[in-house]
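I opened this entry to look up the ligand contacts and then the sheet. My notes follow the order of the lookups.

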Amino acid sequence: MPAPLPSERAFIPFVSVENMMRLVHHVGIETMLVELTDAIEADFRRWELFDKTPRVASHSHDGVIELMPTSDGAVYSFKYVNGHPKNMAQGLQTVTALGLLAEVSTGYPVLLTEMTLLTALRTAATSAMAARHLAPQKARCLALIGNGAQAEFQALAMKAVLGIEEVRLYDIDPRATQKTVRNLARTRLRLVPCTSAQAAIEGADIITTCTADKQYATILTDNMVGAGVHINAIGGDCPGKTELHRDILLRSDTFVEYPPQTRIEGEIQQMDPDYSVTELWQVVSGRAQGRSSDRQITLFDSVGFAIEDFSALRYVREKLAGTDYFQKLDIIADPDDPRDLFGMLLRAA
Ligand SMILES: NC(=O)c1ccc[n+]([C@@H]2O[C@H](COP(=O)([O-])OP(=O)(O)OC[C@H]3O[C@@H](n4cnc5c(N)ncnc54)[C@H](O)[C@@H]3O)[C@@H](O)[C@H]2O)c1
């Protein structure tokens, strides 16, 4: 990875929410989604290089707090992220996150950033990357079920990467759908608010479920899903939290990020341990087949994996070069004599 930022080892660049928003607008939202999709795909092609572990999750009654680490041998990253479906009722985000990149050679951090926005962008980019390999050719219509914080990002990534023209929207709360329609009004997407999930998926080539509810939910039942569609199930991402009826999985070819994590957290937690899945990196790198027929139902059982965050973090670091979209954070103690940490403290009195 290039080192685009001035090396002042005592300071690390910190990207606040405000600066992340400036960076996204500077690059352009759709351009950033396309570039992030490519960045994630590039790292999926070198999947075997990475340290991989299921994320470390601390579950509670109301949600989960997770740490998601990985390294490619040169750079290390981790993300802190929560998932609290009940937060929204209190005016709080369901998902918030922050992330860090470090040099493996010294262990020194080189970037600290907000990742709530960046997670929404990388999750949408990952959905688009999966759909690029699995969705029917010339897919033009997306059904988006669950119109919360992730929704617009998902819609725009499908537009920017796949050329989606129509988005059919459904949420149990019509205000969420109205918000999404408002936010996407200037995108030239044809937006169709629907009054049920069943109505939303009519004629859709791609169905994205993006709901938040800490239970075994049935957002889609088997009879609703016709042959030939691609499903991105992104909302079911922790134990006891799913979106699809298991019969859909019996008719689908299922693609996952990292099986040891997805078996615990994904839609496939409902299935027997020997339920067959294909790892998405193998499709991306040409080692496994993606879509093989027009009538096949493909399912990307997305839970979010650390390598996607690594890609997003390295992408942001590269994009910061030549900008002022960061603050210098004095977070690494750096005495002139590395053994004189205490002396540095005394001199500060
Ligand atoms: N797979 C990943 O990488 C990944 C990344 C980010 C978020 N997520 C997950 O995606 C989900 C959505 O996240 P968000 O930030 O958009 O949450 P959010 O709370 O902002 O939005 C969720 C929406 O789902 C709607 N909803 C709930 N039950 C529904 C139902 N039965 N039918 C239709 N709509 C329903 C709610 O009204 C709400 O508008 C969460 O579960 C989150 O954990 C996954």
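I began with T94: a polar side-chain atom of this residue lies 2.6 Å from an oxygen atom of the ligand. I note that the model is predicted. I then looked up D171, which also places a polar side-chain atom 2.6 Å from an oxygen atom of the ligand. For G304 the polar atom belongs to the backbone, and an oxygen atom of the ligand is 3.3 Å from it. Next I checked how far the ligand is covered: on its own it has 870 Å² of accessible area, and the protein covers 91% of that. I listed the surroundings and got 23 residues, the closest being T94, Q150, D171, D237 and K241.

I turned to the sheet. It is open, has eight strands in the order 9-8-7-10-12-16-14-15, and the pairing is parallel. I looked for the edges and found strand 9 (190–193) and strand 15 (278–279), each of which pairs on one side only.

I took one strand pair in detail. Strand 10 (residues 206–209) and strand 12 (residues 230–233) run parallel and are joined by four bridges. I looked up T209 and recorded A233 in strand 12 as its bridge partner.

Last, I checked which helices pack on the sheet. Helix 4 (residues 151–162) does, touching strand 7 (141–145), strand 8 (166–170), strand 10 and strand 12. I recorded an angle of about 165° between the directions of helix 4 and strand 7. Helix 5 (residues 174–183) also packs there, touching strand 8 and strand 9. Its direction makes about 155° with that of strand 8.

Terms used:
Residues are numbered from 1 along each chain as its sequence is written. This is a predicted model: local features need pLDDT of at least 70, side-chain atom pairs count only at pLDDT 80 or more; totals for chains, interfaces and linings use all residues. Side-chain values use heavy atoms; hydrogens and water are left out. Two strands pair if DSSP finds at least two bridges between them. Helices (H or I, at least four residues) and strands (E, at least two) are DSSP runs, numbered from the N terminus. Contact means heavy atoms within 4.5 Å. Axes are lines fitted to C-alpha atoms, for helices over the stretch in contact, and angles run from 0 to 180 degrees between N-to-C directions. A residue is near a molecule or strand if one of its heavy atoms lies within 4 Å of it. A polar contact is a pair of N or O atoms within 3.5 Å; within protein, one must be able to donate a hydrogen and the other to accept it, and residues adjacent in sequence count only if both atoms are side-chain atoms. Accessible areas come from the Shrake-Rupley method with a 1.4 Å probe; for residues, only the protein chains shown count as cover.
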